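Trainee: Please give me a close look at one part of this model, the pockets and what they are made of. I'd like it in plain bench language.

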Amino acid sequence: MFVNDAVVKEMLEKVKPAKLVAATKYIDEKEIEKLENCGCLYFGENRVQAFLEKYEQYHGQGHWHFIGTLQKNKVKYIIDKVELIHSVNSFHLIDELEKQAQKRGLKVHILIQVNIAKEESKHGFDEEEMDQVMEYLSHCPSLIVDGLMMMAPHIEVQQTRIYFRKTRELLETLKTKYPQYPLHELSMGMSEDYYIALEEGATIVRIGRALFKE
Ligand SMILES: *Cc1c(COP(=O)(O)O)cnc(C)c1O
């Protein structure tokens, strides 16, 4: 797929002051440069192998985020290359991130993925587990918890609103309870539902298909 320049520029304005992370799984490195030329400077990959290939070939000023499911054994390949990992969804993954960050003397910014709609098929912690997660993270000095990430269920778009709202409310609760963490980012909303996510307080939207054309 190819970058739709006009749409990208328009989207950057539309989502302001939220950050637009372009989901780059649909495009190659040449198109990523075009995104940058449109002023879009945040790229989100969801597969480690594809990320590494694009990262190698890309020499611009943009920033890389990791947005997909991250396997423990792949952490070491990306940890020093991405600015934010959106998809931290298990205690094992937290352990590995802390271990690899310590090894390199890095501070690593992460978002905790929540399965707010409690879908069987989705990754992420349950809302009820979040206190345990926060407690666990207090033993991980190398990890900086910037906020939460969620993916809305595949239901009628208007019905996703409640899940975005619940995620924002969860973030606010956690912020009050755990003032030691930054917790200022809410990564939610994609091509279909980003405008609802923004109305409900998203600070980062991850958008793919809507930015590209065949
Ligand atoms: C692909 C992807 C997106 C963007 O999806 P679109 O529907 O193409 O906008 C957002 N988040 C994640 C984790 C993705 O893999």
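Mentor: Sorted by class, the second largest pocket is lined by 6 nonpolar, 3 polar and 4 charged residues. Here Ala, Val, Leu, Ile, Met, Phe, Trp, Tyr, Cys and Pro count as nonpolar, Asp, Glu, Lys and Arg as charged, and the others, Gly among them, as polar. A pocket is an open set of points on a 1 Å grid over the protein atoms alone where a 1.4 Å probe fits, with protein on both sides within 12 Å along at least five of seven lines; lining residues have an atom within 4 Å of a point.

Bear in mind that this is a predicted model: local features need pLDDT of at least 70, side-chain atom pairs need 80 or more, and totals for chains, interfaces and linings use all residues. Numbering starts from 1 along each chain as its sequence is written, and side-chain values use heavy atoms, with hydrogens and water left out.

The second largest pocket has a volume of about 190 Å³ (the space filled by probe spheres set on grid points joined across faces, edges and corners). Of its 13 lining residues, Pro153, His154, Met190, Glu192 and Asp193 are the closest to its centre.

Now the largest pocket, with a volume of about 410 Å³. Its lining has 20 residues, and Lys25, Asn46, Ile67, Met151 and Met190 lie nearest its centre. By class, that makes 7 nonpolar, 9 polar and 4 charged. So Met190 turns up among the residues nearest the centre here, and also among those closest to the centre of the second largest pocket.

Let's stay with Lys25. UniProt, in an unreviewed entry, puts "modified residue: N6-(pyridoxal phosphate)lysine" there; its positions follow the numbering used here, feature names are shortened, and annotations may be inferred rather than shown by experiment. Lys25 sits in the loop between strand 2 (19-23) and helix 2 (29-37), where helices (H or I, at least four residues) and strands (E, at least two) are DSSP runs numbered from the N terminus. Lys25 counts as partly exposed because its relative accessibility is 44%, and the cut-offs are under 20% for buried, over 50% for exposed and partly exposed in between (1.4 Å probe, protein chains only). Skipping neighbours within four places in sequence, Lys25 contacts Glu45, Asn46 and Lys54, contact being heavy atoms within 4.5 Å. Asn46 is thus both a contact of Lys25 and one of the residues nearest the centre of the largest pocket.
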